[in-house]
Amino acid sequence: MFLFKREKDLKAFYKKKKLEHPDCTIGFVPTMGALHHGHISLIERSVSENDYTVCSIFVNPTQFNEKSDLDKYPRTIESDMALLEGAGNNVVLWPSATEVYPPRLKTKLSISFDGLENVMEGYFRPGHFDGMAQVVKRLLDMVEPDKLYMGQKDFQQVAIVGNMIEQLSMPVDLVMCPIIREKDGLAMSSRNVRLPRKDRVQVPVIHKTLKAVSRKIKKQDISSIKKWAIDQLSLPGFKPEYFEIVDGRTLQAVANIQYSDYIVACTAIWVGEVRLIDNMILKS
Ligand code: AMP
């Protein structure tokens, strides 16, 4: 496995590979490290579909709303490298903040995302998606992949990146990969290690509620289902921020299941000091 910290070294590596194999393809999996099997499922998908898979590890400061969250974000480069090696990943990009954001390079985007950025995560984490889109655009420019792999776990993020790729006419295919869960249903996340034991045993309620909602949606009206879901999730120490049932393309709330052919339930919940997100496609 090759490790690069600089864009120019990564590009020189590709240039050489492309001379040897002009048709070789590059899959890209951007991450913030602290890798788990959710990330690795994206790597494996890319490895199976491309000649080279690049995984970037960069804890992007511009997408954190709170400095304490950025500081507390786990950094585990050695175990990350071991997991990547085991998954057949070829290239790791581990850049510094100045490599990603050189002082003289304009990396801030001056586009909006047709309102996708204003609801749910965007409403509760103002500016988060500007920072996320900024880093994904910059990393795509650094890596120049054929395919970009992102997880459905961050459904709204995938929708916004898809919107950005279309608006900027970027030559990359976006592939959304399914959510990988623990045995008890908790969606894998780098933040899960911060859950105290007493909360960890309760959090499977999130997946149970999403599954129940996917059954209920056929029989009950959406507003009563949303109220029911919030109620289920309001355990002691749990603070649901939102539980929305939205159109998978516009991310606008859907009032009736007949009004859309692509419906997704999305939720964010504070469990003590840890913020968890999850979702489930209800109709597609
Ligand atoms: P992160 O390191 O949290 O920025 O995540 C990097 C990528 O891994 C994103 O595209 C996430 O959506 C994806 N990802 C994170 N957790 C999971 C999971 N449990 N299942 C599938 N993909 C995931």
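**Group meeting: the ligand shell and a charged patch**

Helix α2 gives the most to the shell around the ligand, with 3 residues. Helices here are DSSP runs of H or I, at least four residues, and strands are runs of E, at least two, numbered from the N terminus.

A word on the source. This is a predicted model, where local features need pLDDT of at least 70, side-chain atom pairs count only at pLDDT 80 or more, and totals for chains, interfaces and linings use all residues. Residues are numbered from 1 along each chain as its sequence is written, and side-chain values use heavy atoms, with hydrogens and water left out.

Now the ligand. It is surrounded by 17 residues, each with a heavy atom within 4 Å. The closest are M32, G151, D154, I180 and M188.

Take the polar contacts, N or O pairs within 3.5 Å. A side-chain polar atom of D154 sits 2.6 Å from a ligand oxygen. For G151, a polar backbone atom is 2.9 Å from a ligand oxygen. M32 also uses its backbone, an N or O atom, at 2.9 Å from a ligand oxygen.

How much of the ligand does the protein bury? Alone, the ligand exposes 480 Å², and the protein buries 92% of that. Areas are Shrake-Rupley, with a 1.4 Å probe. Elements giving two or more residues to the shell are β2 (26-31), α2 (37-49) and β5 (147-151).

Methods: A polar contact is a pair of N or O atoms within 3.5 Å; within protein, one must be able to donate a hydrogen and the other to accept it, and residues adjacent in sequence count only if both atoms are side-chain atoms.
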